[in-house]
Amino acid sequence: MSRLALINEFLGIPPNASEHGYQIDAIIEFCHWFMGALFIGWFVFFIYVLFRYHRSRHPVADHEGVTSGISTHLEFAVVLIEAVLLVGFAVPLWAKRVNQFPETRDAILVHTVGQQFNWTFHLPGPDGTFGRRDVDLVSNSNPLGLDNNDPAAKDDIVVPGELHVPVNRSVIIELSSKDVIHNFCLPHMRIAQDAIPGSIIPMWFKPVKTGTYEVICGQLCGLGHYSMKGS
Ligand SMILES: [Cu+2]
């Protein structure tokens with residue numbers, strides 16, 4: 001087991017199954033080491049202060065306080081490391097995810113729609129063209145309002161709760177919602193994105209390991225939120 005996998009296990013993060021996931025894991029790992037160092041550092045300092053400034057050694061309070069600038073320097077160093085983490089690592093990684101999409105012709109395109117309380121996936125079928133959808137056609141048996149009179153819709157696949165994609169090929173999801181704000185979250189693929197009614201938001205991932213992985217809703221969206229799961 002690699003070091004990252006070991007740390008994931010320890011933190012309760014499911015194993016990574018996507019191409020970019022190790023980068024996310026590396027940042028999470030670094031943050032935890034950094035927080036661990038801060039925790040131990042402050043704890044040692046706290047214990048030191050308890051003894052160093054004990055009442056028996058300082059019966060009279062000193063109203064001057066600390067005069068050396070060491071604590072200011074220490075705090076500045078912590079702020080600096082956090083700024084480097086955010087600006088140097090987290091923001092560029094995020095920017096890469098949202099700006100550098102794979103070529104559409106090499107990728108699988110899936111329309112994903114959230115609703116209380118499940119996900120529906122719409123795939124274009126062998127013709128590669130999505131059939132027309134119309135809000136007026138939405139019913140219990142036609143959750144996305146697919147227009148069956150449209151020739152492009154004939155071979156379309158609309159499935160609730162279950163998405164099948166090939167391994168080692170990029171998947172582009174175009175995400176939307178029918179009612180409230182949901183969050184399309186694939187923990188094993190290290191991606192999550194809010195699904196906002198009225199917007200179509202693209203996201204992408206590339207699975208590199210075969211298996212059955214959980215799809216969850218990452219946004220508290222109502223009473224049945226807990227059951228808004230798929231695979
Ligand atoms: Cu939801």
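**Entry 1: F121 and the strands around it**

I started at F121 and looked up its partner in β3: the bridge goes to V159. Before going on, I noted that this is a predicted model, where local features need pLDDT of at least 70, side-chain atom pairs count only at pLDDT 80 or more, and totals for chains, interfaces and linings use all residues. Residues are numbered from 1 along each chain as its sequence is written, and side-chain values use heavy atoms, with hydrogens and water left out.

Strands here are DSSP E runs of at least two residues, and helices are H or I runs of at least four, numbered from the N terminus. Two strands pair if DSSP finds at least two bridges between them. β2 and β3 pass that with four bridges, in the antiparallel sense.

F121 turned up again on the β1 side, where T112 has F121 as its bridge partner in β2. I found five bridges between strand β1 (residues 108-115) and β2, again antiparallel, and a hairpin that takes β1 to β2 through two residues. Strand β2 (residues 118-123) is mostly covered, with five of its six residues buried. For reference, buried means under 20% relative accessible area, exposed over 50%, and partly exposed in between (1.4 Å probe, protein chains only).

**Entry 2: the rest of that sheet**

I then traced the strand order and got an open sheet of five strands, β3-β2-β1-β4-β7, with mixed pairing. The edges are β3 (157-160) and β7 (201-205); each has a single partner strand, so one side of each is left without a neighbour in the sheet.

At the β7 end I checked strand β4 (residues 171-177), which runs antiparallel to β7 and is joined to it by five bridges. One place to see this is I173, whose bridge partner in β7 is M203.

**Entry 3: the copper ion**

Which residues hold the copper ion? I read off H182 (ND1), C217 (SG), C221 (SG) and M228 (SD) as its protein donors, at 2.1 to 2.4 Å. The donor cut-off is an N, O or S atom within 2.8 Å of the metal (3.2 Å for Na, K and Ca); water is not among the atoms, so sites may look incomplete.

The angles among the four donor atoms run from 94 to 121 degrees, and the site comes out as tetrahedral; four donors get that label if all angles lie between 85 and 135 degrees. Along the chain, I wrote the donor spacing down as H-x34-C-x3-C-x6-M. H182 sits in strand β5 (residues 182-186) and M228 in the loop between β8 (215-217) and β9 (229-230), so this pair ties together parts that are 46 residues apart in sequence.

Buried or exposed, I wondered, for H182? H182 has 0% relative accessibility and counts as buried. M228 is buried too, with a relative accessible area of 0%.

**Entry 4: β5 and its partners**

H182 made me look at the rest of β5, where five of its five residues are buried. H182, F184 and L186 point one way from the strand, N183 and C185 the other way. That matches the textbook picture, since side chains alternate between the two faces of the sheet in a regular strand.

I then followed the pairing: β5 and β6 are antiparallel over five bridges, and H182 has A195 as its bridge partner in β6. β5 also pairs antiparallel with β8, over two bridges, and there C185 is matched with I216.

**Entry 5: R190 in the turn**

The hairpin of β5 and β6 has four residues between the strands, and R190 in it takes a positive phi near 60 degrees. I would have liked to call this arginine open to solvent, but R190 is buried, with a relative accessible area of 10%.

Its side chain makes a polar contact of 2.6 Å with that of D25. The rule is a pair of N or O atoms within 3.5 Å; within protein, one must be able to donate a hydrogen and the other to accept it, and neighbours in sequence count only if both atoms are side-chain atoms. Leaving out residues up to four places away in sequence, R190 touches (heavy atoms within 4.5 Å) a set including N8, I13, P14, H20 and D25.

**Entry 6: two more histidines**

Last, I checked H32 and H54. H32 is in helix α2 and is partly exposed at 42% relative accessible area. Its C-alpha is 16 Å from that of P14, with their positions 18 residues apart in sequence.

H54 is in the loop between α2 (21-52) and α3 (70-99) and is also partly exposed, at 40%. From H54 to S2 I noted 46 Å between C-alpha atoms, at 52 residues apart along the chain.

How values were computed: Tetrahedral: all angles 85-135°; square planar, octahedral: opposite > 155°, others 65-115°.
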